[in-house]
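Trainee: I would like a close look at one part of this model. Please take me through the pockets, and then through what sits around them.

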Amino acid sequence: MIVNRRSFFKLIISILVPQIAGGIGSFFTAPEISIWFSTLQKPAFNPPSWVFAPVWTTLYFLMGIAAFLVWERGWNDIQIRKALGIYSLQLILNVLWSIIFFGLHSPFWALIDLILLWLAILLTMVSFHKISRPAAYLLTPYIAWVSFA
C-alpha cells in the first residue's frame, strides 16, 4: 500500500494527538508516582510503577492508529465525525483521570471519571466498529487495561 502525503499527515496527527494527551496526563502523574502514589495501599496484583509508561505509550499509539483508520474513511460522513467526537471525549476523560487522581489526589472522583471513561471507550469501539472493524479491535487492549484499573 502506497501512502499519499495527505494520508501520511493524517497518520502523524492521529498518532500525535493521543500521545500529547498522554503527555498532559503524565505531567500530573510523574511527580506523584514516587511520592503520593507510593503511600497508597494497593492490591498485590498491582503492576510495578515502571510498567505504566510503556503500556500507556503503546495504548496511545494503538488509539492513534484506530483514529487514523476511521479518519481515512472521510470527514464528510456524519457517522465518522460522530465517532471521532466520541473518541475525543474519551481522550478528554482519559486526561482528566490523571488530573483528578494524581493532581487532585481524589480517588473517589477519579473512580467516577474512570466509569465514564470506560463507557466512552465502549461507545468509541461501537462507533468505530461501524466504520472500521480493525479500528475497534485496536481499542481492545485499552478497554482491558482501563477495566483492570
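Mentor: Here is a walk through the pockets, followed by one salt bridge and one helix residue.

Keep in mind that this is a predicted model. Start with the largest pocket. Its volume is about 990 Å³. The lining counts 36 residues. Nearest the centre of this pocket lie Phe 52, Trp 56, Trp 97, Phe 102 and Trp 145.

Now see where the lining comes from. Five helices each supply at least two residues: H1 (5-39), H2 (52-71), H3 (78-103), H4 (107-129) and H6 (140-148). H1 provides the largest share, with nine residues. By chemistry, the lining of the largest pocket splits into 23 nonpolar residues, 12 polar ones and one charged.

Next comes the second largest pocket. Its volume is about 160 Å³. Ile 13, Ser 14, Val 17, Ala 67, Trp 71, Leu 84, Tyr 87, Ser 88 and Leu 91 form the lining. At least two of the lining residues come from each of H1, H2 and H3. Here H3 gives the most, with four residues. The lining of the second largest pocket holds seven nonpolar and two polar residues, and no charged ones.

Turn now to charge pairing. Side chains of opposite charge can pair when their charged atoms come close. The count for this model is one salt bridge. Its partners are the side chains of Glu 72 and Lys 10, at 3.7 Å from N to O. The pair ties together distant parts of the chain, 62 residues apart. Glu 72 sits in the loop between H2 and H3, while Lys 10 belongs to helix H1. The two ends differ in exposure. Lys 10 has a relative accessible area of 13%, so Lys 10 is buried. Glu 72 reaches 33%, so Glu 72 counts as partly exposed. The cut-off for buried is under 20%.

Finish with Ile 143, a residue of helix H6. Its relative accessible area is 12%, so Ile 143 is buried. What does Ile 143 touch, leaving aside residues up to four places away in sequence? The contacts are Trp 118, Ile 121, Leu 122 and Met 125. Leu 117 gives a sense of the spacing. Ile 143 and Leu 117 are 26 residues apart in sequence, and their C-alpha atoms lie 9.2 Å apart in space.

To bring the pockets together: H1 leads in the lining of the largest pocket, whereas H3 leads in the lining of the second largest pocket.

Technical notes. Residues are numbered from 1 along each chain as its sequence is written. This is a predicted model: local features need pLDDT of at least 70, side-chain atom pairs count only at pLDDT 80 or more; totals for chains, interfaces and linings use all residues. Side-chain values use heavy atoms; hydrogens and water are left out. On a 1 Å grid over the protein atoms alone, a cavity is a set of points where a 1.4 Å probe fits but cannot get out, and a pocket is an open set with protein on both sides within 12 Å along at least five of seven lines; lining residues have an atom within 4 Å of a point. Grid points are joined across faces, edges and corners, and a volume is the space filled by probe spheres set on the points. Ala, Val, Leu, Ile, Met, Phe, Trp, Tyr, Cys and Pro count as nonpolar, Asp, Glu, Lys and Arg as charged, and the others, Gly among them, as polar. Buried means under 20% relative accessible area, exposed over 50%, partly exposed in between (1.4 Å probe, protein chains only). Contact means heavy atoms within 4.5 Å. A salt bridge is a side-chain nitrogen of Lys or Arg within 4 Å of a carboxyl oxygen of Asp or Glu.
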